[in-house]
Amino acid sequence: MLQLGYIRKLVMMSIQTQFAFRSAYVIQLIRELLFMMLSIQLFEAFYASTDQPVEVGIQQTVTYLVIAKFAQFFFMQTMTNVQNRIHTGMISMELLKPAPLDFVMLAQEFGSWLQKIVMITLPILIVTYFFYDVQGPQHLYDLLWFMISLLVSFVIMFYANYIVALFAFWIPYLWALNILSNTLFVLMSGASIPLWFYPDIVQRILQYTPFSLSVFAPVNIYLGNYSAGQIAQILLLQLGWMIILWLVARWIWSQSIRKIIIFGG
């Protein structure tokens, strides 16, 4: 009970922190909106210029790009926060808190993600709805399963980031690794380019990875491209990857604690 109250407090603090910088918010909103409109125009130009038959139409592609913004949780602060704690020695204080470090970080990132949805993604969705042909969910249960899948996706991507962040115990500076991992996440998840534009063999490989399960799969659930059986399979795969990544993160953390004890006393 104490842990749940502490986690809830961390989520609210993270949301309040994100709301504190209004000028930065306005700049970010304008930047994200311009980037979204540019992306849509690029795909519109592609569809207008190609003579080849395309399986997926421009409306579904535009909708995909907009809805995928809900799953834009690659650029988390987890890696920076963990690295700073290690460099300053504050990582040892995490052992005294009422919740494990991964839960603390997860709560903070969740609050930040909720703020981005409310302040960035929803305004973009509203603007693009009026200027572009964005389709709504075909059925109410598509929206429900999309939201459930999205929550699991968030946890998957958090632990993927968290695992990379824990390498700060062995690698002094993670800037290059951070850039590399974020780039791979974006390319392999279909966050910027839907995976249906990728070669078939690449699609078949990526569909079982946690990356495509974090963006491409949830958005396709929203679009109604999966049957009930396929949705169940996707959710099982997501839950499986979530458990695997959580176990890997816990094992790496257990090895990291030994370094804290040895060098920190």
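**Exercise 1. Sort the residues lining the second largest pocket of this predicted model into nonpolar, polar and charged. Then work out where the lining comes from.**

Step 1. Start with the chemistry: the lining splits into 10 nonpolar residues, eight polar ones and two charged ones.

Step 2. Now the space itself. The second largest pocket holds about 420 Å³. Its lining counts 20 residues, and Gln207, Phe216, Tyr226, Gln230 and Ile234 sit closest to the centre.

Step 3. Next, map the lining onto elements. Helix H8 (200–206), helix H9 (216–223) and helix H10 (228–264) each give two or more residues. H10 is the top contributor, with four.

**Exercise 2. Describe the fold of the chain and how much of the chain is buried.**

Step 1. Count the elements: there are 10 helices and zero strands. Reading from the N terminus, you just get α-α-α-α-α-α-α-α-α-α.

Step 2. Check burial. The chain has 265 residues, and 45% of them count as buried.

Step 3. Look at the surface: about 14400 Å² is exposed, with carbon and sulfur atoms supplying 70% of that area.

Step 4. Finally, see how far apart in sequence the contacts reach. Take the contacts with a separation of 6 or more; 81% of them join residues 24 or more positions apart.

**Exercise 3. Find which residues touch the most other members of the largest nonpolar core, and which helix gives the largest share.**

Step 1. The core has 71 residues, and Tyr64 and Tyr162 are the ones that touch the most other members.

Step 2. Several helices feed this core with two or more residues: H2 (22–49), H3 (58–67), H4 (78–88), H5 (101–131), H6 (140–166), H7 (175–189), H9 and H10. H6 wins, handing over 15 residues.

Step 3. Step back for a second: in soluble globular proteins, nonpolar side chains tend to be buried together.

Step 4. Zoom in on Tyr162. Skip its neighbours within four places in sequence, and its contacts are Thr78, Val82, Leu101, Asp102, Ala249 and Trp253. With a contact meaning heavy atoms within 4.5 Å, you can check each pair yourself.

**Exercise 4. Explain why H3 is largely enclosed by the rest of the structure.**

Step 1. The cut-off you need here: a residue is buried when its relative accessible area is under 20%.

Step 2. Go through the helix with that. Gln60, Thr61, Val62, Thr63, Tyr64, Leu65, Val66 and Ile67 are the buried residues of H3.

Step 3. That makes eight of the 10 residues of H3 buried, so the helix is largely enclosed by the rest of the structure.

How values were computed
Residues are numbered from 1 along each chain as its sequence is written. This is a predicted model: local features need pLDDT of at least 70, side-chain atom pairs count only at pLDDT 80 or more; totals for chains, interfaces and linings use all residues. Side-chain values use heavy atoms; hydrogens and water are left out. On a 1 Å grid over the protein atoms alone, a cavity is a set of points where a 1.4 Å probe fits but cannot get out, and a pocket is an open set with protein on both sides within 12 Å along at least five of seven lines; lining residues have an atom within 4 Å of a point. Grid points are joined across faces, edges and corners, and a volume is the space filled by probe spheres set on the points. Ala, Val, Leu, Ile, Met, Phe, Trp, Tyr, Cys and Pro count as nonpolar, Asp, Glu, Lys and Arg as charged, and the others, Gly among them, as polar. A nonpolar core is a set of buried Ala, Val, Leu, Ile, Met, Phe, Trp, Tyr and Cys residues joined through side-chain atoms within 4.5 Å. Buried means under 20% relative accessible area, exposed over 50%, partly exposed in between (1.4 Å probe, protein chains only). Accessible areas come from the Shrake-Rupley method with a 1.4 Å probe; for residues, only the protein chains shown count as cover.
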